[in-house]
Amino acid sequence: MELIEISYFELMLAGLLVILLAAVSWWARLGIGHRFLIAAVRTVIQLSLIALVLEAIFDAEGFLWIALMATVMLLVAGREVANRQNRRFARGQSFAIGTFSMFLSGFSVTLFSLLVIIGPDPWYSPQYAIPLLGMMLGNTMNGVAVSLDRLTQSAWEQRAVIETRLMLGHTWQDAIGYLRREAMRSGMIPTINAMATAGIVSLPGMMTGQILAGTAPALAVRYQILIMLTIAVGTGFGTMAGVLIASRRLFDGRQRLRLDRLQAPGKGW
């Protein structure tokens with residue numbers, strides 16, 4: 001079945017719906033109408049630019065270009081993790097923690113998928129490597145961001161409880177253990193919910209795109225199962241790594257709670 005092309009005029013019709021939603025939100029005094037418009041403009045610009053970049057990379061098929069693209073994706077994702085935290089660590093530590101956690105989980109799971117499961121030739125083929133890494137980083141970024149924000153905010157709100165536990169002789173791991181577990185759960189729950197409802201409530205994006213492109217539904221489903229399972233693993237390990245590293249940074253070598261390492265809300269990353 002031939003893929004139906006979408007013209008720029010038809011994309012503008014979809015854009016009018018966003019403008020309509022922004023107008024309704026302004027009428028309802030929600031205060032987020034301008035955010036819808038800015039997000040829509042960013043989506044159009046960013047996706048248009050990435051299309052040009054991907055076409056150039058696909059033509060070149062050079063490992064260095066793909067590695068550069070992957071590095072940029074990782075750094076941007078790390079910055080987003082830091083920006084989404086209400087109380088972030090000072091001196092760019094939130095950026096470092098988020099970036100390292102996503103590198104540790106996202107890159108390792110993506111490499112395993114490429115080398116062991118899919119096996120393209122070459123293994124870094126941009127047709128497979130960049131989309132897989134993009135989906136992995138996008139979902140892992142959300143999990144890490146949510147979990148770190150939950151951890152730091154909860155530690156700030158319950159600092160008296162944590163310090164009381166420390167005075168009673170608990171180690172720092174015990175004093176913050178319950179907050180750590182809640183933060184990890186918060187980061188993983190969206191992925192678990194997405195897996196639980198896939199195919200019944202929602203049709204995942206990759207599978208939908210492949211079917212629209214003419215791929216047989218059975219093959220599209222197998223790819224989607226692979227993606228969702230690897231995303232779950234990457235998000236889970238990334239979330240746990242980020243929370244473990246961040247929770248340690250909340251204490252010094254003498255096991256004292258150091259919330260002075262967190263910036264006040266609204267400060268730069």
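Author: In this predicted model, H3 and H5 are roughly parallel to each other.

Reader: How do the axes of H3 and H5 lead to that reading, and at what angle do they cross?

Author: An angle under 35 degrees counts as roughly parallel. The axes of H3 and H5 cross at roughly 15° and come within 9 Å, and the pair is therefore classed as roughly parallel.

Reader: Is the crossing of H3 and H5 left-handed or right-handed, and which residues make the contact?

Author: The crossing is right-handed. On the H3 side, the contact is made by Ile66, Met69, Ala70, Met73, Leu74, Ala77, Glu80 and Val81. H5 contributes Pro126, Ile130, Leu133, Gly134, Leu137, Met141, Val144, Ala145 and Leu148.

Reader: How do the residues of the contact of H3 with H5 divide by character?

Author: There are 15 nonpolar residues, one polar and one charged.

Reader: What should one look for in the largest nonpolar core?

Author: A nonpolar core joins buried residues through side-chain atoms within 4.5 Å. Here the largest such core has 36 residues, and Met102, Ile162, Ile176, Leu250 and Phe251 have the most contacts inside it.

Reader: Which helices each supply at least two residues of this core, and which gives the most?

Author: Helices H3 (63-83), H4 (93-118), H5 (126-157), H6 (159-167), H7 (172-197) and H9 (217-249) each supply at least two. H5 gives the most, with nine residues. Another core, of five residues, lies apart from this one and includes Leu114, Ala129, Leu132 and Ile231.

Reader: With which residues is Ile176 in contact, leaving aside its neighbours within four places in sequence?

Author: Ile176 is in contact with Leu151, Ala155, Ile162, Ser247, Leu250 and Phe251.

Note on methods: Residues numbered from 1 in each chain as written. Predicted model: local features only at pLDDT ≥ 70, side-chain atom pairs only at ≥ 80, totals over all residues. Heavy atoms only, no water. Buried < 20%, exposed > 50% of the residue type's maximum accessible area, 1.4 Å probe, protein only. Helix = DSSP H or I, 4+ residues; strand = E, 2+ residues; numbered from the N terminus. Contact = heavy atoms within 4.5 Å. Axes fitted to C-alpha atoms, helices over the stretch in contact; angles between N-to-C directions. Parallel < 35°, antiparallel > 145°, perpendicular 65-115°, else oblique. Left-handed = near helix turned anticlockwise from the far one by under 90°. Nonpolar A, V, L, I, M, F, W, Y, C, P; charged D, E, K, R; others polar.
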